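Let's take a walk through this one together, a stretch at a time. Have the model open beside you and follow along.

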Amino acid sequence: MRKKAGVFLLSTVLAFGTLLGCTKTEQTSGAPAKQKQASGDSKVVKVGIIGARTGPSATLGQYLDGAVAVFNKINDEGGVNGYTFDVIIRDDEANPTKSKELVKNLLYKEGVSVIIGPTNTSNALAILPEVFKAQVPLVDPVATGTKIGEEAEKLAKGGKNYFFRTTTVDYAQADAIANYVKKKGLQNPIILHDETAYGKGGLKEIQKALEKIGVKPVKEVGFPMSTSDLTPQVMEAKQAQADGIIVWALGHDQAQVAKAKQKLGLNIPMIGSTAMQQTNFRELAGAAAEGNLSIWPSNHVRLKEQGERPKRITDAYEVYKKYFPKGYSIDDAGSLMFTYDAAMIVVNAVEKAGTDPAAIRDAIESIPHKNIASKDVLQFTPDNHEAWEGKDIGMVTVKNNKVYERKE
Amino acid sequence: MNPSMIKKGTLAVFMLGIALFPLFSTNDYYIHMAQMIGITVIVTQGLNLLSGYAGQISLGHAGIYAIGAYAAAIVTTNYELPFLAGLAASIVCSAIVGLLIGVPALRVKGHYLAMVTIGAGIIIEKLMHEGGEFTGGFAGINGVTSPEMFGFSLTSTGLYYMIIISMVLITLLLWNLTRTRPGRAFLALRDSETAAEAMGISRYRYKLIAFVLSSVITGIGGNMYAHTNNYVSPDSFTPHVSIFLLVMVILGGLGTVIGPIIGTVLLYLLPELLKDFDQYHLIIYGAILLISIIVLPGGIASLLPKAYRPKEHLINEEELMNMGLEPYEPGLRERTENQENVILRVCGLTKRFSGVVANDGVTMSVERGTIHALIGPNGSGKTTCLHSISGLYQFDEGDVLFEGQSIASLKLHEKIRSGMARTFQHAQIFKELTVLENVMIGEHSLRKTGFVSGALLLPHVLKEEKESQKEALRILEWFGMKPYAFAKAGDLPYGYQKILEIVRAMAAKPKLLILDEPAAGLTNTEIEQLEEILLKLRKAGITILLVEHDMRLIMKVSDAITVLDSGRVIAEGTPAEIQNNPQVIQAYLGERKAG
Amino acid sequence: MTSSFVLQLLFAGLTMGSVYALVAIAYNIIFSTTHIINFATGEFVMLGALITLSFVTGMNFPTLIAIPIAMILVAIVGVIVERIAYRPVQGVKVAGHSIAWIITTLAFSIILQNVAMLIWGKEFLPVPPPFGSSTISFMGAAIDTNQLYIFLAALILALLIEILLHKTYIGMMIKATSVNRRAAEYMGIRTTFVIALSFAISGGVSAVAGILVSPLTFASSTMGLLIGLKGFAVAIMGGLGSGRGAILAGLILGICEVFAGSFISPGYRDIVAFVLLIAVLALKPDGLFGEAIQEKA
């Protein structure tokens, strides 16, 4: 009896789920209903967005909302050059096996013309061969691993490169940090990094960048992500008599470093990777956040001691805010801008080239993108698909619980 | 349409479907899904062998999966060796890791074992993560190519067929395995470990083999994973994945051969339905899992009535029942040259339980061809003595000689080969198996089919199976239990269960039968039947040592009686002598005057 | 390698260790009455942290009030888990094992984690130290008083639970149910109630563990996974059901982790728990204080 009831319940749930799955509209605010046609002659461009939307990396996946907001806005305005966007979001839970399956779903079942994402390096590495094989462009607004770009170039084999990145790649960040180290004449920096792919990737880049300027780090200290109390690690800086701390970890861990530094009374500069801009850093470090340094694309989001934020930033933020009113505040919207940019360059390319993926790729590569958030003009070249180089990146500092651009 | 036809029909449709699938769909997404489902079925079949049949719940199987995948990636990509070299590496490495996990894991039980498997899975993941250049570290190894053999590389469709054929073969081999002697051994161990060991099945050996075999199968799946995904990274083999694998097996039906297939297909299709739910999909997924298991704890396979499931044994009931059988003679295992009169000699046996001396210098001689009873008031150490003799307990001092040879060092599962078989105080039959199968397990130590021959279902294996079935039926007939041959043992009335234990023990052709309170729980009629059986057995030359409380039975059948009290032997002799022995009377009735 | 450095590590280790011990005790309480492992325990910890956070920072409750409220709420969640994940499948055997609870408690863990994500978001949230924070100097090492309070609070709670289990009537009911449920029923103990109670107590204890650990490790919907696993490992190492074992094993793990992370490699820190576990079980298959039961067949 119980079994029969249960079977009935189970089949109802499955049937319901199937029906829902086939007809469910997008979970994004105000997006149009999904149509199951390949983007052939129609004027609807299918865009895939893939990343970690649940699980420990979900904080990164949330940034993708920036892109979603852009597409919503464009659709609400009637599209661009007659083209509207059908956004399909896929959660890969930061599992490369799933990334592979889901990217194939986007490419071969949904028939997307372009993909934005993913959030983590290993997922990008799983996806790359697929987008090259299908000849569909991939725009990466979150994953900073240098290796992704390297692999993409290998796959391009001198021909068309289908990978683009709008966020700051690790080696550019490392170069910027190294530039600062050189400028300030620091001879014995210590490197603190988390043990994830992010931290370890960053470590490699910093080591390379420091080597280029002839500085040898006095020590490299790793720690597992989300560690309780990093005092022992910072203590090592004190004992090694480092003259600067370079940190490569997520915001909440960088906060622990800042706190420990203050607790131990260590008065040396701390320079963090771009993740220092994350909300958590200032909230968690409290007073200890003050005075610490990080790197960030110049003239982007950060407050200036004098003057206003660039209008392109505030405009972009308004777009996001309209569709995600409960999302990030503008002070925390840094990484969001990269996803905004990713969506905008896609919009620009579609405006020029329509729905054909190869044409979109060419357009992304050739158009000087002037309507993005984080810089005045973003111009890729056939040889360089990274949006940011070391020289584009300047220093920022925390002051009065806000992040300011820092002119040296 | 009878169930058999439906089963065959479904199988035909299924096989046709998977064979023709690539013709219907050239969409890379669907082919990839099919490939991944095939691979995952292989992996979960491995897990099912370990967790379903060998009863070792593993929450770390993603680690083995990883070993197979990484071996493939490292050998074919880093060292640029051919696909088959990678496959060999996957198999060997998985086997070794399976062994490394199995050895410590088998020292512990239940939840402790589960934790060991979790730990193993996490340690393997970490090792891959920290492996530097060798394993690609956190970034993993990419660029793993499709399998290359004899100069050309498999296409997507080719890879699909390779995976599917492997999946079918592995499922078939496992199905064969579970229907023959090794499979029966697992089922016995699962049902009653002690009884299985008493019948000669070494828990340790079988479970360790299960660990290794399971790992090899999963490792093969891992190998194919690497070539299908072209990329391996530690993030693909997290504890989440281990749990996912176990969920698939349990949801499909743990311990059934189609369970992994059903579970894998279902849990691959389910996320398909939930894909568009973005942030809610895992909540719905969790809810569906929860409801499914509450409603169907046995998994989806349990929905199918037994008649519609793949047969779990090689017994053809009709054929067997109608077969003419030669009458059974309770025979001995082999002709004994050793005609020593005393078949069992216990010398100064002492067994302590942290402070309590259960057996204190017990000495006893059992003569060949007699019925020897061991009696005494409650707590006198009778059962302890039996356990010490049969190897369930390790005793502290003294020796036990069987036909003049010391058997003190033999473990429980080894004793049966020397020629003694036993029963238990609380009937330890294999409740979930049929009566016939119970008796067949009794023969375990006499038969030879191993894992390889069983999996391949070689002709001589089939022959041995049939012989085993016939023999078991003959013995049942002799004991008057033939009509119950195909009943579930657990459904028998208790009295019959106890007789079944004796039947099972007799199937091993022992020289010495050790019975622990065979009359306990029996009705008077049943005790009379028992009496007859004991006398018949003695007449056939079997020696019987029994512990009993039923005085009437003892006095009627015994040739010799040994009396224990508080761990010591207080009297020995014929029934008549014992009946009138004042010490014995006092022991049973206490210090009070009789009458 | 100065002595102040070692002291620093020692304190950090003892603090984390005491939290692990609490989580292990949470596992033990449910294990003792039901003989199952509640795989949602990590999520109880997480909920304790996040609920307290909401009350303290979101609604400006004083910490001392928020903590008991969080404990009660998580205890209620515990009772719900008992009712839905345990009771319907208790005793059901599949392939010779009762394993349905593995899936049901795991399913709950997934559900709770993702519901929390929807409520509290995906970020790692900062949690203010419950007892304030200042630094004191002890033999050259800078010790956070926060750590000290956490250690003391955890230890006190652990001891209170021990007293509850061994010296009170409730504890006796729990023990009776755990040793022989049927006999306990015959003695008039409502074992169903006792089991639900054990889930509730486990929830409360887990909540406190979450409250104590979150200022150190941040609160997020996914924080339960790792701490749940380690708590389980500690429970096993100490011997399932043993309070003393949980405390000792927890402290040992905490210290070993911190030292291994510092002196061997930080990347391997999270596997210390499992390597240690295997080492302990190799020597004592039933855990440090588990009883090796010689079954009388």
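Before we look at where chains meet, one ground rule: two residues are in contact if their C-beta atoms, placed from the backbone, lie within 7 Å. Keep in mind, too, that what you're looking at is a predicted model.

With that rule in hand, start where chain A meets chain B. Here 36 residues of chain A are in contact with 32 residues of chain B. Which elements of chain A give two or more residues to that side? They are the helices α1 (2-23), α4 (96-110), α5 (121-134), α6 (146-156) and α8 (197-212), along with the strand β2 (84-91). Of these, α1(A) gives the most, with nine residues. As for chemistry, the side of chain A that touches chain B splits into 12 nonpolar, 12 polar and 12 charged residues.

Now stay in chain A and look at how the chain itself is divided. Domain 1 takes in 36-169 + 315-388, while domain 2 takes in 170-301 + 392-406. How far apart do the C-alpha centres of the two domains lie? They sit 29 Å apart. The two domains do touch: 17 residues of domain 1 of chain A are in contact with 18 residues of domain 2 of chain A. On the domain 1 side, the elements giving two or more residues are α5 and α13 (334-353) of chain A. You've met α5(A) already, since that helix also gives two or more residues to the side that touches chain B. By class, the domain 1 side has four nonpolar, nine polar and four charged residues.

Next, cross over to chain B and take it as a whole. Chain B has 24 helices and 14 strands, and its C-alpha atoms fill a box of roughly 90 × 55 × 50 Å, taken along the principal axes. Of the 595 residues in chain B, 55% are buried. What about its contacts with a separation of 6 or more? In chain B, residues 24 or more positions apart account for 76% of them.

Finally, swing round to chain C and pick out a single helix, α2 (residues 41-58). Its 18 residues reach 25 Å from the first C-alpha to the last, close to the 26 Å expected at 1.5 Å a residue. Is α2(C) mostly covered or mostly open? Mostly covered: 14 of its 18 residues are buried. Follow the chain past α2(C) and you come to C:Asn60, whose phi is positive, near 55°.

Methods. Residues are numbered from 1 along each chain as its sequence is written. Chains are lettered from A and ligands numbered from 1 in the order in which they are written. This is a predicted model: local features need pLDDT of at least 70, side-chain atom pairs count only at pLDDT 80 or more; totals for chains, interfaces and linings use all residues. Helices (H or I, at least four residues) and strands (E, at least two) are DSSP runs, numbered from the N terminus. Ala, Val, Leu, Ile, Met, Phe, Trp, Tyr, Cys and Pro count as nonpolar, Asp, Glu, Lys and Arg as charged, and the others, Gly among them, as polar. A residue is buried if 20 or more other C-beta atoms lie within 10 Å of its own, exposed if 12 or fewer, and partly exposed in between; C-beta atoms are placed from the backbone. The expected span of a helix is 1.5 Å times one less than its number of residues. Domain bounds come from an automatic or database domain assignment.
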